[in-house]
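Thanks for coming. I have one structure to go through today, and I will keep to packing and contacts. Here it is.

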Amino acid sequence: MQQVRAVVAMEKDAPVTVQTIQVPDPGPGEALVRVQACGVCHTDLHYRQGGINDDFPFLLGHEAAGVVEAVGEGAEGVAPGDFVILNWRAVCGQCRACLRGEPWYCFATHNAAQKMTLADGTELSPALGIGAFAEKTLVHAGQCTKVDPGASPAAAGLLGCGVMAGIGAAINTGRVGRGMNVAVIGCGGVGSAAVAGARLAGASRVIAVDLDDRKLEWAKGLGATHTVNSAQTEPVEAIRELTGGFGADVVIEAVGRPETYKQAFYARDLAGTVVLVGVPTPDMELPDIPLIDLFGRGGSLKSSWYGDCLPSRDFPLLIDLYRQGRLDLDAFVSERIALDDVEAAFGRMHRGEVLRSVVIL
């Protein structure tokens, strides 16, 4: 058992606090990871706000990279000293999705069996089964993906959630290919990553759409060829005008709202693809789209879970592209902060002032 400092959300909507927690030694199939960097993601704020569930207190943080310190009996794939990115979808290899050759849809992902606790023994609920706003965390070995140790931990850790979700929405879910026209609606961290993914896949035209000119500038820096401020210009017409009147081959919706989903639906070309990677709230309902339009426009309407990624396949590949200078992960790191600064970072994130704040440990 080890005692470390960590960021904990004790109750709904209360400011987070830095507390001393207890981390068990790894048991069978588990790994103890010394966290080096962890991004501040909207999902952590959702936990703090009670938007995920009510299993308080939460140990926040999940978008992380670090070094394996110890492993338990039977742990496979990693060893002490390995530099790893943590992931929240450790595939089982045995469920119906895994057995049909689609492990990125694994229906039986798993986490560490043992619980981390507060000093008084109160069990903590780790965000997405990780809990990485901590000096050390306990995870299942399958949640650790070994990558090139030459990568910056601050950049590498972002593949653990938001950046992977965006890149994967373009490449894995949307199947963006060479010469395609792509539009991305919503250019925060995930949307900007979708822009980067579309460019990486060879799209000829990447149209970034947002209400905020600052975010549009971020998107341009990551590969957008055109930008549309939807507070000033009707986005569907603007996207059609930029694509010869047809619409985009792939439209990625990275906001998670009915209004923007409807824009994405009508901004795509006939037989085009809409990818929903923005996460809606449970009360939101699909906008009033006539059924004849669903039929007549054809194509595909897809949801992207974690960028439909397979960590063992995608993380090492993207880190190699980063190391080659072909994927600028550093551009997503807006600021480096300490554990004590997480609450303030939530405010900057909510106001759209940063792509990512990254806690450095």
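I will take the cores, then one helix, then two single residues, then three helix pairs. Keep in mind that this is a predicted model.

Start with the nonpolar cores. The largest one has 33 residues. Within it, the residues with the most contacts are Val 40, Leu 60, Leu 86, Phe 133, Cys 144 and Phe 346. Which elements give two or more residues to this core? They are strands S1 (2-9), S3 (30-39), S5 (63-71) and S6 (83-86), together with helices H1 (42-48) and H11 (342-350). Apart from this core lies another, of 31 residues. Its members include Ala 65, Ile 167, Leu 222 and Val 333.

Now Phe 346. Leaving out residues up to four places away in sequence, Phe 346 touches Val 16, Val 40, Cys 41, Asp 44, Leu 45, Arg 48 and Leu 60. Phe 346 is also one of the buried residues of H11, and the others are Val 342, Ala 345, Gly 347, Arg 348 and Met 349. What covers them? The cover includes S1, H1, strand S17 (335-337) and strand S18 (357-360). Just after H11, Gly 352 has a positive phi of about 70 degrees.

Since S18 has come up, look at Ile 360, which is found in that strand. Is Ile 360 buried or exposed? Its relative accessible area is 36%, so Ile 360 counts as partly exposed. Beyond its neighbours within four places in sequence, Ile 360 is in contact with Gln 36, Ala 37, Ala 154, Arg 336 and Ile 337. For a sense of scale, take Ile 360 and Ala 238: they are 122 residues apart in sequence, and their C-alpha atoms are 41 Å apart in space.

The second single residue is Thr 145, in strand S10 (residues 144-146). Thr 145 counts as buried because its relative accessibility is 8%, and the cut-off for buried is under 20%. Where does its side chain find a polar partner? There is a polar contact of 3.4 Å between the side chains of Thr 145 and Asn 87. Not counting residues up to four places away in sequence, Thr 145 touches Phe 83, Val 84, Ile 85, Asn 87, Pro 311, Ser 312, Phe 315 and Pro 316.

Last, the helix pairs. Helix H4 (residues 162-173) packs on helix H5 (residues 189-200) at an angle of about 45 degrees, and their axes are 7 Å apart. H4 and H5 are therefore oblique to each other, and the crossing is right-handed. On the H4 side, the residues that meet H5 are Gly 162, Val 163, Ala 165, Gly 166, Ile 167, Ala 170 and Ile 171. On the H5 side they are Val 190, Ala 193, Ala 194, Gly 197, Ala 198 and Leu 200.

H4 also pairs with helix H10 (residues 311-323): the axes come within 12 Å and cross at roughly 100 degrees. That angle makes H4 and H10 roughly perpendicular. The contact involves Met 164, Ile 167 and Asn 172 of H4, and Arg 313, Asp 314, Phe 315 and Leu 318 of H10.

The third pair is helix H7 (residues 235-242) with helix H8 (residues 258-267), packed at about 25 degrees with axes 9 Å apart. H7 is therefore roughly parallel to H8. The contact is made by Pro 235, Val 236, Ile 239 and Arg 240 of H7 and by Gln 263, Tyr 266 and Ala 267 of H8.

Key
Residues are numbered from 1 along each chain as its sequence is written. This is a predicted model: local features need pLDDT of at least 70, side-chain atom pairs count only at pLDDT 80 or more; totals for chains, interfaces and linings use all residues. Side-chain values use heavy atoms; hydrogens and water are left out. A nonpolar core is a set of buried Ala, Val, Leu, Ile, Met, Phe, Trp, Tyr and Cys residues joined through side-chain atoms within 4.5 Å. Buried means under 20% relative accessible area, exposed over 50%, partly exposed in between (1.4 Å probe, protein chains only). Helices (H or I, at least four residues) and strands (E, at least two) are DSSP runs, numbered from the N terminus. Contact means heavy atoms within 4.5 Å. A polar contact is a pair of N or O atoms within 3.5 Å; within protein, one must be able to donate a hydrogen and the other to accept it, and residues adjacent in sequence count only if both atoms are side-chain atoms. Axes are lines fitted to C-alpha atoms, for helices over the stretch in contact, and angles run from 0 to 180 degrees between N-to-C directions. Angles under 35 degrees count as roughly parallel, over 145 as roughly antiparallel, 65 to 115 as roughly perpendicular and the rest as oblique. A crossing is left-handed if the near helix is turned anticlockwise from the far one by less than a right angle, and right-handed if clockwise.
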